[in-house]
Amino acid sequence: QLQLVESGGGLVQPGGSLTLSCAVSGATTLKNYIVGWFRQAPGKEREGVACVAMDIGSTDTEDAVRGRFAISRDNAKKTVTLQMNSLKPEHTAYYSCAARVAPRPVVIAAMCDTPQQFRSWGQGTQVTVSS
């Protein structure tokens, strides 16, 4: 059973940046997993933001944030980072990281499409973009 712990959320002004970090434990290696960031805004369903295949590092980033957000992973440290730049008020949401065993073969462009397929979740962190 994986454990995931997020850090780095908070309040930021529009145009600012935040870095979210997800520390994963409970596995000798994460190379068989997909780890991703998801968000849920008030009154909306949870949606994928960005996911990474931990073995090869390929990423899937939601169209709405591509170019602003970037996901990266460090297998040695067992961490996954979401760098968020040029933040807007509409990016305000509760952000969570999650992990699942990677299907074979992995469809890179669809890694983040279905949050329900992710079995291990962190407690999440609030990101608020406001002046």
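This report describes the fold, the nonpolar cores and the charged side chains of a predicted model.

## Overall fold

The chain has 11 strands and zero helices. Read along the sequence, the pattern is therefore β-β-β-β-β-β-β-β-β-β-β, with strands taken as DSSP runs of at least two residues. Along its principal axes, the C-alpha trace spans about 45 × 25 × 25 Å. A compact globule of 131 residues would have a radius of gyration near 14 Å, and the 14 Å of this chain agrees with that.

Of the 131 residues, 41% count as buried. Contacts between residues at least 6 apart in sequence were also examined: 62% of these join residues at least 24 apart.

## Nonpolar cores

In soluble globular proteins, nonpolar side chains tend to be buried together. In this model the largest nonpolar core has 29 residues, and those with the most contacts inside it are Trp37, Leu82, Met84 and Tyr95. Seven elements are listed as giving two or more residues to this core: strand 3 (18-25), strand 4 (33-40), strand 5 (47-53), strand 7 (69-74), strand 8 (79-84), strand 9 (93-101) and strand 11 (125-129). A second core, separate from this one, has nine residues, including Phe38, Ala102, Cys112 and Phe118.

Met84 shows what surrounds one residue of the largest core. Setting aside neighbours within four places in sequence, Met84 is in contact with Gly16, Ser17, Leu18, Leu20, Arg68, Phe69, Tyr95 and Val127.

## Salt bridges

Side chains of opposite charge can pair when their charged atoms come close. A search of the whole structure finds four salt bridges. Among them is the pair of Arg39 and Glu47, with an N to O distance of 2.8 Å. Arg39 also meets Glu62 in a salt bridge, here at 3.3 Å, N to O. This second pair links distant parts of the chain: Arg39 is in strand 4, Glu62 is in the loop between strand 6 (59-61) and strand 7, and the two are 23 residues apart. Arg39, Glu47 and Glu62 are thus linked in a network of salt bridges.

The accessibility of the partners can be set beside these pairings. Arg39 has a relative accessible area of 8% and so counts as buried, the cut-off being under 20%. Glu47, at 31% relative accessibility, is partly exposed. Another salt bridge joins the side chains of Arg66 and Asp63 at 2.8 Å, N to O. Asp63 is exposed, with a relative accessible area of 61%.

## Glutamate 6

Glu6 lies in strand 1 (residues 3-7). Glu6 is buried yet has no salt bridge. The nearest side chain of opposite charge is that of Arg46, 8.3 Å away. A salt bridge requires a distance within 4 Å, so this pair does not qualify.

The side chain of Glu6 instead reaches backbone nitrogens at two positions. One is the backbone nitrogen of Cys97, at 2.9 Å. The other is the backbone nitrogen of Gln123, at 3.1 Å. Both distances fall within the 3.5 Å limit for a polar contact.

Residues up to four places away in sequence aside, Glu6 touches Ser21, Cys22, Trp37, Tyr95, Ser96, Cys97, Gly122, Gln123, Gly124 and Thr125. Two of these, Trp37 and Tyr95, are among the residues with the most contacts inside the largest nonpolar core.

Conventions: Residues are numbered from 1 along each chain as its sequence is written. This is a predicted model: local features need pLDDT of at least 70, side-chain atom pairs count only at pLDDT 80 or more; totals for chains, interfaces and linings use all residues. Side-chain values use heavy atoms; hydrogens and water are left out. A nonpolar core is a set of buried Ala, Val, Leu, Ile, Met, Phe, Trp, Tyr and Cys residues joined through side-chain atoms within 4.5 Å. Buried means under 20% relative accessible area, exposed over 50%, partly exposed in between (1.4 Å probe, protein chains only). Helices (H or I, at least four residues) and strands (E, at least two) are DSSP runs, numbered from the N terminus. Contact means heavy atoms within 4.5 Å. Lys and Arg count as positive and Asp and Glu as negative; His and the chain ends are not counted. A polar contact is a pair of N or O atoms within 3.5 Å; within protein, one must be able to donate a hydrogen and the other to accept it, and residues adjacent in sequence count only if both atoms are side-chain atoms. The radius of gyration is taken over C-alpha atoms; the globule rule is 2.2 Å times the number of residues to the power 0.38.
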